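Hi,

Here's the structure I promised to pass on. Have a look at it first, and then read my notes below.

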Amino acid sequence: MPDRAQEWLALGRRHLAAGDAAQAALALQQALAHAPTRLAAHNLIERHGLAGAFTEWMGCNCEIAPADDIYRFFENHPASVNPLRDYLADGWRTLSELMLLLEQVDRPLLKVGHCLEFASGHGRFTRHLIKALGAQRVTVSDVVADAVAFSGATFGVQTHLSSSVPEALCLAQRYDLVFVLSLFSHLPAATWPRWLRCLYGLLAPGGLLVFSTHGAEAARRQRVSLDAQGFFFAAASESQAIAAQEYGTAFTSQPYVLARIGEQLGPGRLIHFAPQHFWQHQDAYVLMRP
């Protein structure tokens, strides 16, 4: 019923233009039921504060970028019966998991001075992070220009366009927390250790680098065989915006990660390891700069 869905969406827009919020909400709720118009209808509901808006009960800006690959992942996942809710709730889950992780090293998130969310995408997590810290204490960075522009305009955070070359990343500020969720689970061997060194270098003295990986349990579940170093890479991912050879799917053993930390950063940097911490799937590492 794609034509009918488009009619509901157009009707919702006409009601909004006429100032009839109640009728607009009814029409847009009909458009929400169909995948081709779901996201556009959702964003109109959120933007205008109509009945049924997620913002009403989540307490944060719940608009979703049309080019958001993670939202499309949920929308196309067979287990996701409500992709909008699942997408937004997943960002909230990440916030709770990060807060629990930082409590374990006695560094509460709410006491962090300034946080860099690296490989931030279109703000799945950012919207929840600024609810905890405030936009003025958050900088986001991503290699996808549309993602950085959306986050800056929508959430009011500081932004920095990243690079595909770690050594080309230039950020003058140093951060109390650098949070890197599910980047090292996508990097090829050529850039994996270089990004580790680069991101660690952005820490202020005493700052923490938190990152996640596909570890041994993730490899077992996916029936992936690691090489002699404890590494596996496949040139495939959910991203439509980044070349697969640059951003694919990577699995790493704990010894592999520890070896790269030792080689790139020296001894004594790892202060905590939590297997399967994020999404009950990805391992978490916490490093501290002396």
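Before we get to the helices, one term: two residues are in contact when they have heavy atoms within 4.5 Å of each other. Also keep in mind that this is a predicted model.

Let's begin with helix α9, residues 192–200. Is it mostly covered or mostly open? Mostly covered: seven of its nine residues are buried. Those are Trp-192, Pro-193, Trp-195, Leu-196, Cys-198, Leu-199 and Tyr-200.

One of the things α9 touches is helix α11, residues 254–265. From α9, the residues involved are Trp-192, Pro-193, Leu-196, Arg-197 and Tyr-200, and they meet Tyr-256, Val-257, Arg-260, Ile-261, Gln-264 and Leu-265 of α11. Sorted by class, that contact has eight nonpolar residues, two charged ones and one polar one. The two axes come within 10 Å and cross at roughly 55°, so α9 counts as oblique to α11. The crossing is right-handed.

Next, find the sheet. In what order do its strands run? The order is β3-β2-β1-β4-β5-β9-β8, seven strands in an open sheet with mixed pairing. At the edges you'll see β3 (158–161) and β8 (270–278); each has a single partner strand, so one side of each has no neighbour in the sheet. Ignoring direction, neighbouring strands are turned by 15° against each other on average.

For a pair to zoom in on, try β1 (residues 115–118) and β4 (residues 175–180), which pair in the parallel sense over three bridges. There, Leu-116 stands opposite Val-178 of β4.

Helices pack on this sheet too. Helix α6 (residues 83–104) touches β4, β5 (203–213), β8 and β9 (282–288), and its direction makes about 150° with that of β8. Our earlier helix α11 packs on the sheet as well, touching β5, β8 and β9. The direction of α11 makes about 20° with that of β9.

Last, a couple of backbone details in the loops. Ala-119, between β1 and α7 (126–133), has a phi near 60°, a positive value in a residue other than glycine. Gln-280, in the loop between β8 and β9, also has a positive phi, near 55°, and is not a glycine either. Why do we call Ala-119 partly exposed? Because its relative accessibility is 27%, and partly exposed lies between the 20% and 50% cut-offs. Gln-280 is partly exposed too, with a relative accessible area of 48%.

Cheers

Definitions and conventions:
Residues numbered from 1 in each chain as written. Predicted model: local features only at pLDDT ≥ 70, side-chain atom pairs only at ≥ 80, totals over all residues. Heavy atoms only, no water. Buried < 20%, exposed > 50% of the residue type's maximum accessible area, 1.4 Å probe, protein only. Helix = DSSP H or I, 4+ residues; strand = E, 2+ residues; numbered from the N terminus. Axes fitted to C-alpha atoms, helices over the stretch in contact; angles between N-to-C directions. Parallel < 35°, antiparallel > 145°, perpendicular 65-115°, else oblique. Left-handed = near helix turned anticlockwise from the far one by under 90°. Nonpolar A, V, L, I, M, F, W, Y, C, P; charged D, E, K, R; others polar. Pairing = 2+ DSSP bridges.
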